[in-house]
Structure formats: structure tokens, C-alpha cells
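Biologist: I'd like a close look at one spot in this model, and then how that spot sits in the rest of the chain. Take your time and walk me through it.

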Amino acid sequence: MNSPLLSLPGAVAGDGIDAAVAAHYGSLYGEQRELARGEGFVDLSHRDVLAVAGPDRLTWLHSLTTQHLEGIEPGVWVNALVLSPQGHIEHAFAGVDDGETFRAHTEPGRGAALIDFLDRMRFMMRVEVSDLTSELAVCWRPSAVVEEAAQRPSRDPGRYDLVPRDQLSKYAEAAGPAAGLWAFEALRIERGEPRFGIDTDERTIPNEVGLLPGQEWSAVHLDKGCYRGQETVARVHNLGRPPRRLTLLHLDGSENRLPAVGTDVVEPSAGRTVGRVGSSGRHHELGPIALALVKRNTGADLQLEVEGLPATQELVVDPEVGLHLRR
């Protein structure tokens, strides 16, 4: 369903899975600067929303996901994953509990599969899973910029709001100015936060994309009971060297184009493909940037190439992550 905020002055719709919300409202860089200053909001109402109610909800979700959810305080947002038995990311969501119900949102079009998985895992647990996409909309606001973070405020992952869908226009009036998805994505890419299904593929494990503790958007708790896929996460964390690593690419800006999701990343000196591009965007200070998954043994100081565009790397995930545990 298209967002009513597409009727705001200057709104230009996104494309692909983001077509239902505004890509921008006429000023891509101006909107980024507003968010970096801690002002405004972003319409993410195309994301799918679900709820888990019932007295067993947190214990049950704790057992199924990578996150520590038992005893979570009401109002605290968390990120969580559902993994395959081999440790590959199958579902990703952000959620919050209010003391009675856990509400979460996930990528557009991914909610039905997540709800189906949860329904199949209920067994005798006292839980009820429901789709709230038609009732609640997701919005994002940057946290207030505090003095110690002022040097790089766009590193702040911000906070989500779940807004009654029929009150979205009133929310926009109070929370404005509105910033488009392109501004939001550029700042997300700059801080190295991966987006499920775009910066990940069917083989991605959490260790490869910086989702272990240490980042504000961490989705894995390392000191909790067993869950599906835990053995892979623990082994790679303890022994180090995930097969791939997420890197931030600074792209040559001499041509006015960005690579598509899935574009090959090439090491030109060796003439070999070393990875794939995920998200890309135009940053108000850094220029064109992208996130890419590359082979772990790709030198971090190597200049790479994407569709003929030179690209330098900025580390997001250390290729030797985990090795410090053996020192």
C-alpha cells in the first residue's frame, strides 16, 4: 500500500521494494544533513509489521532467535535474527515489547514468511502471532545529537516509532521535516549497518556482516541458551575468520551512476571476482558509497573495481575477527 506521505510537496516515489514510500522530497543532501543534525523523520511505512502476544512470547522468541529476549524491559528496541541450522540468516527483524505484546517490523514482503515460520514453531506455547501491517506503520527518527557524538552524528542508528497507519499524516506534521529513503539509506550505508536481503544473501552468517555485539544494531547475543544455527556463530566467533566480510566501498564519483544490487566486485590486479555489491547511495560528504560482501582474504588495502568504477575500502568487519580470543 502506498504511503499517504507521497502526497507531501516534492515527494518522489522510490523503486523496487521501496516504491511505496518517498525516495526524496526534492533535496537529497539537504535531507541527509537534517537527519545528521538529529532533525526530522523518515517514512518506512512500507515495512511489514507483526505482533506476538501471550504469556510465553518472550521465552518462546528467546529460544528461536539469536537475541536475548527473556526479561527484556518494556520499551527497549532490539534486533534479532532467525538462522538456518547451518547458521545462515533466514529472517531479520527489529522489535519492542510493551509488557503484553512484542511488536516487530521486517523488510517489505518478508512478513508473511516470518509469520509462517513462527506459526509452525508454536507447538504448545501460549502465544499468538498476527500481521499488523495494515494497522501500524513504521517511521524512523534520528536520536538527538549529543556533544560527544557531534563529530560524526550519522553513526547514530536512531530509533523507530510504530504509528497507527490512519494517523501517519498527523505524525508527519508533528515530527517533520520529512526526509526520504535515499537520505536514510546513505547514512545507514555510511555507518556500516547491513540491510537484510540486500546486503545479505542466502549464505550470509551474522559474523560476516557485523551483527555480533559491538555495534548499536547488533542482533546476536553471545551468552544465551541454544538456538538454531548457534554452533556456526559460536565457532566462527571463537576461531575467527568468517568466509566473507562486509566492507564499505568509496566509489569513484566521476560517473553519475550507482551499481545495482548483486553487481560483481572485482580485484583488477588479479582479474578475479571477490564479492558482490549490496546497498549503494550518494552521501552528502563522502560521495557515492556502497556496502559489499567480499572474500575474507581480499586485502583491505586493495583498490577494487565495480562495473569499471574504482573503489577503495573502509573496514566494517575485521577479516581477522575472533582471532583475538586466541591471544
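Take Tyr227: is this residue buried or exposed, and what is its relative accessible area?

Modeller: Tyr227 is buried, at a relative accessible area of 7%. By buried I mean under 20% relative accessible area, while exposed is over 50% and partly exposed falls in between (1.4 Å probe, protein chains only). Bear in mind that this is a predicted model, where local features need pLDDT of at least 70 and side-chain atom pairs count only at pLDDT 80 or more, whereas totals for chains, interfaces and linings use all residues. Residues are numbered from 1 along each chain as its sequence is written, and side-chain values use heavy atoms, with hydrogens and water left out.

Tyr227 sits in the loop between helix 5 (181-191) and helix 6 (230-239). Helices (H or I, at least four residues) and strands (E, at least two) are DSSP runs numbered from the N terminus. Setting aside residues up to four places away in sequence, Tyr227 touches Ser63, Leu64, Thr65, Thr66, Leu83, Val220, His221 and Val233, where contact means heavy atoms within 4.5 Å. Thr65 is 162 residues away along the chain, yet the C-alpha atoms of Tyr227 and Thr65 are separated by 6.3 Å.

One of those contacts, Leu83, leads us to strand 5 (residues 78-83), which is mostly covered, with five of its six residues buried. Strand 5 pairs with strand 6 (residues 89-97) in the antiparallel sense over six bridges; two strands count as paired if DSSP finds at least two bridges between them. Within that pair, Leu81 stands opposite Ala92 in strand 6. The two strands make a hairpin with five residues between them, and Gly87 in the turn has a positive phi of about 90 degrees.

From strand 6 we can hop onward through Val96, one of the contacts of Thr101 beyond four places in sequence, along with Ala51, Val52, Ala53 and Arg57. Thr101 belongs to strand 7 and is buried too, with a relative accessible area of 12%. Strand 7 (residues 101-106) pairs with strand 4 in the antiparallel sense over six bridges, and there Asp48 stands opposite Thr106. Strand 4 also pairs with strand 8 (residues 128-131), again in the antiparallel sense, over four bridges, with Val52 opposite Val129. Five of the six residues of strand 4 (residues 48-53) are buried, so strand 4 is largely enclosed by the rest of the structure.

Just ahead of strand 8 there's an oddity. Phe123, in the loop between helix 3 (111-120) and strand 8, has a positive phi of about 50 degrees although it is not a glycine. Phe123 counts as exposed, at 66% relative accessibility. Glu307 also has a positive phi of about 50 degrees without being a glycine; that one lies in the loop between strand 16 (304-306) and strand 17 (309-315) and is partly exposed at 44%. For background, most residues other than glycine have a negative phi, and most peptide bonds are trans.

On that second point, a cis peptide bond joins Gly176 and Pro177, with omega about 5 degrees. Pro177 lies in the loop between helix 4 (168-175) and strand 11. Strand 11 takes us to an open sheet of four strands in the order 10-9-3-11, with mixed pairing. Strand 10 (159-164) and strand 11 (178-179) stand at its edges, each with a single partner strand, so one side of each is left without a neighbour in the sheet. Strand 9 (residues 136-141) pairs with strand 10 in the antiparallel sense over six bridges, and Tyr160 in strand 10 is the bridge partner of Trp140.

Zooming out, the protein has six helices and 17 strands. The radius of gyration is 20 Å, close to the 20 Å that the globule rule gives for 327 residues, so the protein is as compact as a globular protein of that length. That radius is taken over C-alpha atoms, and the rule is 2.2 Å times the number of residues to the power 0.38. Buried residues make up 52% of the 327. And that long reach from Tyr227 to Thr65 has plenty of company: among contacts between residues at least 6 apart in sequence, 67% join residues at least 24 apart.
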